[in-house]
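Student: Please give me a close look at one part of this model and how it connects to its surroundings. Take it residue by residue, and keep it plain.

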Amino acid sequence: MPLVGRMEFWSRRLLMSLYQAARGLSLLSCRLEVERGQIQLKSQRQRCNRLLTVVWRGILVNIYSTVMPDIFLKAQKTESYADFFVTVQSASVIFFAVASFSVQVYGESKTMAILNRYIALYGRICSLTEAQQLFPPKFVLFYALKLILTICGCLYELPQLLPMHHIRNGNIKRIISGLIGIYLWMGTLYVLDACFLGFLVSGVLYEQMGAHIARMLDEMRSMDIDCQDADGEGEREKIPPQPISHYKRMCLLCDRADELDECGIIYSELYQVTLSFRNIFQFQIFFYIYYNFIVLLLMMYEYIWNYLEAAQGDLVPLIMIGIKMGNIVLLIMCADFTIRKSQLPQILPLDIVCTDIDQRWDNSVETFLSQLQTQQLEIKVMGILQLNNEFIPTILSAIITYLFILLQFGFTGGFDLHKELAKRNLTTVS
């Protein structure tokens, strides 16, 4: 099997596996059907099945809210100001985790609609470009890298939901609640990875459309060059020249103009689909960044606290810091990749190719460029987070600031002020 066909095969297998995983994690209850040669997601037809799904998801949300403190609550006792701050951070992550889970389990209809729009766009782009492969090798490689980071994070997080001493002691109640917690947390991680995947798919589709327009311009440029070369060779070799007739060039130009109009329609739909994906999943995207950022800070607290207590730090928190930072950077870079690829046609010489033949191409180019100017893609989450590469230094500066605060707590005794805090609590009670 050639490399192109192999990578497209694995890309489709990957997407199909993700669909099956979503059904297994109770995130999707729709079916994948083929209607009139088009793949679509269809909701359940029987009303009782939909009612049971809603009831089941309501039960999942209630269980989820009870098991989340086991994974995020780092400080069991507020013996210092630092412990108090960590408890507040952990509680905020628990709140956002439950809210994100509630949004995702009750928003299946919107998720199904956006997935169907992506599937339809994939078919239209395949038909327009006549490409055998839309998903390049980097699509599988980037998602594989994201999946590795997720699995490494699970190796640390999941044992906290089901500690080994409960299994050794045969605590059936804790084992069952731990297994349910693992099942629900895997669903949350799946949705967080889906945020990354959605931006990656949009970026790849934008890239393929930009590459198609570039190839189209190269063909039009070569058409003019061939005509000029044919004239020169005919004079030198005394071979009758066979240039492309003016009528045929006009027909080819009109065909390319119509193709550019179709590209404009697809670009507009891709722009709307990307914005709809951002709007539907913006709470989950916000939780993705907030969760990884707060856990990164908690790991820094744990490492510094262990270092001050035992004069040596554990490597596990440092590894988790790298994993969580990698998750944030991958999402931001993927969003920036989508934005840059959406602007690719603006750097192509659309307005200088074949402009001396007819106004048909000029009108199509002017309309297309005006559309791109009015549809400048921006990925802003919750109205406050602008996802591009410039956001990464902002996060790094916040992490460094938090690190200095922790070090200041450590050197000034902020980790050992439990007596003063207890005295203040007693004064307040009295």
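Tutor: F9 has a relative accessibility of 36%, so it counts as partly exposed; the category in between runs from 20% to 50%. F9 sits in helix 1, which covers residues 3-24. Its C-alpha atom is 8.9 Å from that of Q133, although the two residues are 124 positions apart in sequence. The model is a predicted one, and these values are computed from it. F9 and Q133 illustrate one kind of link, between residues far apart along the chain. In the chain overall, 82% of the contacts with a separation of 6 or more are between residues 24 or more positions apart. The protein chain has 430 residues, and 47% of them are buried. Its secondary structure comprises 14 helices and 4 strands.

The part to look at closely is the surroundings of helix 6, residues 137-161. Two packed helices are described by the angle between their axes and the distance between those axes. For helix 6 and helix 11 (residues 315-342), the axes come within 10 Å and cross at roughly 150°. Helix 6 is therefore roughly antiparallel to helix 11, the cut-off for that term being over 145 degrees. The crossing of these two helices is left-handed. On the helix 6 side the contact is made by K138, L145, K146, L149, C152, G153, Y156 and E157. The helix 11 side contributes V316, M320, I323, K324, G326, N327, L330 and F337. By type, the residues of this contact are 9 nonpolar, 3 polar and 4 charged.

Two of the charged residues on the helix 6 side, K138 and K146, also take part in salt bridges. Side chains of opposite charge can pair when their charged atoms come close. K138 pairs with E207, and their closest N and O atoms are 2.7 Å apart. Because K138 is in helix 6 and E207 is in helix 8 (residues 172-237), this pair ties together parts of the chain 69 residues apart in sequence. The two partners fall into separate burial categories: K138 is partly exposed at 26% relative accessibility, whereas E207 is buried at 16%. The pair also belongs to a network of salt bridges in which K138, E207 and K341 are linked.

The other pair is D193 with K146, with 2.6 Å between the closest N and O atoms. D193 lies in helix 8 and K146 in helix 6, so this salt bridge too joins parts of the chain, here 47 residues apart in sequence. D193 has a relative accessibility of 5% and counts as buried. K146 is buried as well, at 2% relative accessibility; the limit for that category is under 20%.

N327, one of the helix 11 residues in the contact, leads back to the same charged pair. N327 is buried, with a relative accessible area of 4%. Leaving aside residues up to four places away in sequence, N327 touches K146, L149, Y288 and N292. Of these, K146 and L149 are among the helix 6 residues of the helix contact. The C-alpha atoms of N327 and D193 are separated by 9.2 Å, while the residues are 134 positions apart along the chain. N327 thus has K146 as a contact partner, and K146 is in turn the salt-bridge partner of D193.

For comparison, consider a salt bridge between two other helices. The total for the chain is 8 salt bridges. One of them joins E269 and R117, whose closest N and O atoms are 3.3 Å apart. E269 belongs to helix 9 (residues 246-280) and R117 to helix 5 (residues 108-129), and the two are 152 residues apart. Both partners are partly exposed: E269 has a relative accessible area of 25%, and R117 has a relative accessibility of 27%.

A last point concerns the backbone in a loop. Most residues other than glycine have a negative phi. M382 has a phi near 55°, a positive value in a residue that is not glycine. M382 is in the loop between strand 3 (380-381) and strand 4 (385-386), and is partly exposed, with a relative accessible area of 38%.

Note on methods: Residues are numbered from 1 along each chain as its sequence is written. This is a predicted model: local features need pLDDT of at least 70, side-chain atom pairs count only at pLDDT 80 or more; totals for chains, interfaces and linings use all residues. Side-chain values use heavy atoms; hydrogens and water are left out. A salt bridge is a side-chain nitrogen of Lys or Arg within 4 Å of a carboxyl oxygen of Asp or Glu. Buried means under 20% relative accessible area, exposed over 50%, partly exposed in between (1.4 Å probe, protein chains only). Axes are lines fitted to C-alpha atoms, for helices over the stretch in contact, and angles run from 0 to 180 degrees between N-to-C directions. Angles under 35 degrees count as roughly parallel, over 145 as roughly antiparallel, 65 to 115 as roughly perpendicular and the rest as oblique. A crossing is left-handed if the near helix is turned anticlockwise from the far one by less than a right angle, and right-handed if clockwise. Contact means heavy atoms within 4.5 Å. Ala, Val, Leu, Ile, Met, Phe, Trp, Tyr, Cys and Pro count as nonpolar, Asp, Glu, Lys and Arg as charged, and the others, Gly among them, as polar.
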